[in-house]
Each structure stands twice: as structure tokens, then as C-alpha cells.
Amino acid sequence: MRALGLLLFLVAGAALAQAPSYQPVGSMGELMIYIIYPASDALFYIEREPPKTDVQWNVIRTKALMLAESGNLLMMPNRARDQGDWIKESKVMVDLAATAYRAALAKDMDGILAVNDKLADSCIACHQQYRANYPRRAPQKQN
């Protein structure tokens with residue numbers, strides 16, 4: 001019995017030693033203002049100044065990667081508002097931004113444009129649920 005107790009103690013100690021230690025630096029507002037909004041805007045408004053050079057495509061790739069990884073930041077233990085819709089929408093953000101990143105690697109403007117509406121819808125759904133005073137969409141009229 002002592003051996004089992006010692007084994008459990010050692011396993012628990014090893015698990016704690018390997019557990020990542022996160023140190024959030026910025027607030028949720030700072031993440032949005034300084035990282036997420038500029039990265040998403042680069043994708044949402046890509047048609048205003050379409051990238052033509054390798055340098056411009058590198059900027060788009062960087063913004064798409066920042067946006068995808070920002071979704072992971074939103075799921076960190078001290079940032080996630082809940083384990084339901086918050087996590088779901090954050091994962092959607094990661095998946096769609098990763099798709100945009102792969103499209104940017106291929107210099108595929110149509111690939112980026114194909115995910116923009118879905119990405120914007122995901123952002124809006126999250127903001128409507130979690131951001132105070134965010135405007136609500138009017139219901140769509142059925143024909």
C-alpha cells in the first residue's frame with residue numbers, strides 16, 4: 001500500500017512539474033485592440049489593397065497566423081469566459097484563421113475571401129454574447 005501511495009505521489013509531482021505555467025500579460029481588451037482587431041482587419045479588408053509582392057503576402061500570412069494563435073490565447077484558463085460558447089467560437093476562430101493562413105501561404109486571395117464572412121460571423125456571435133453594449137443584429141426577413 002505504501003508503494004502505491006509513493007507511486008501516486010511521484011506521478012502527481014511529475015504531472016505538476018510538467019504542467020505549463022501561463023502568465024497572461026495583457027487584458028482581454030488589450031488583446032482585442034492590439035492583436036486581434038489589427039490581424040482580423042488585415043484579412044477582412046484585404047481587397048482594399050490586395051497583396052502583390054512577397055513582402056505584402058508575408059504581412060497577410062503574419063496577420064492570419066496571429067489571428068489563429070490569438071484564438072488559442074482566448075482559450076487559456078484565466079481568459080476563457082466559459083467552457084461552452086466561448087471555447088466553441090474561439091476554436092472556430094482558430095480553424096478559420098488557420099485556413100486563411102494556409103491560403104496566404106499559397107497566395108490564394110480567393111481562399112482568404114472564402115473564410116472572411118464565416119470569420120466575421122464568428123466574431124460577431126461572440127461579441128454579441130460576451131461584450132456588453134455590443135449592437136445586436138436585426139432579425140433577417142424571410143421572403
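**K107, M32 and S70 in a predicted model**

K107 has a relative accessible area of 41% and is therefore partly exposed, a class lying between buried (under 20% relative accessible area) and exposed (over 50%), with a 1.4 Å probe and protein chains only. This is a predicted model, in which local features need pLDDT of at least 70 and side-chain atom pairs count only at pLDDT 80 or more, while totals for chains, interfaces and linings use all residues. Residues are numbered from 1 along each chain as its sequence is written, and side-chain values use heavy atoms, with hydrogens and water left out.

K107 sits in the loop between α4 (85-105) and α5 (109-130). Helices here are DSSP runs of H or I with at least four residues, and they are numbered from the N terminus. The phi of K107 is near 55°, a positive value in a residue other than glycine. Most residues other than glycine have a negative phi.

The other two residues belong to helices. M32 is part of helix α2 (residues 28-44), and S70 is part of helix α3 (residues 54-74). In sequence M32 and S70 are 38 residues apart, and their C-alpha atoms are 9.1 Å apart in space.

M32 is buried because its relative accessible area is 13%. Not counting residues up to four places away in sequence, M32 touches Y37, P38, L74 and H127, where contact means heavy atoms within 4.5 Å.

S70 has a relative accessibility of 3%, so S70 also counts as buried. With neighbours within four places in sequence left aside, S70 is in contact with I35, I36 and M93.

Terms used. Helices (H or I, at least four residues) and strands (E, at least two) are DSSP runs, numbered from the N terminus.
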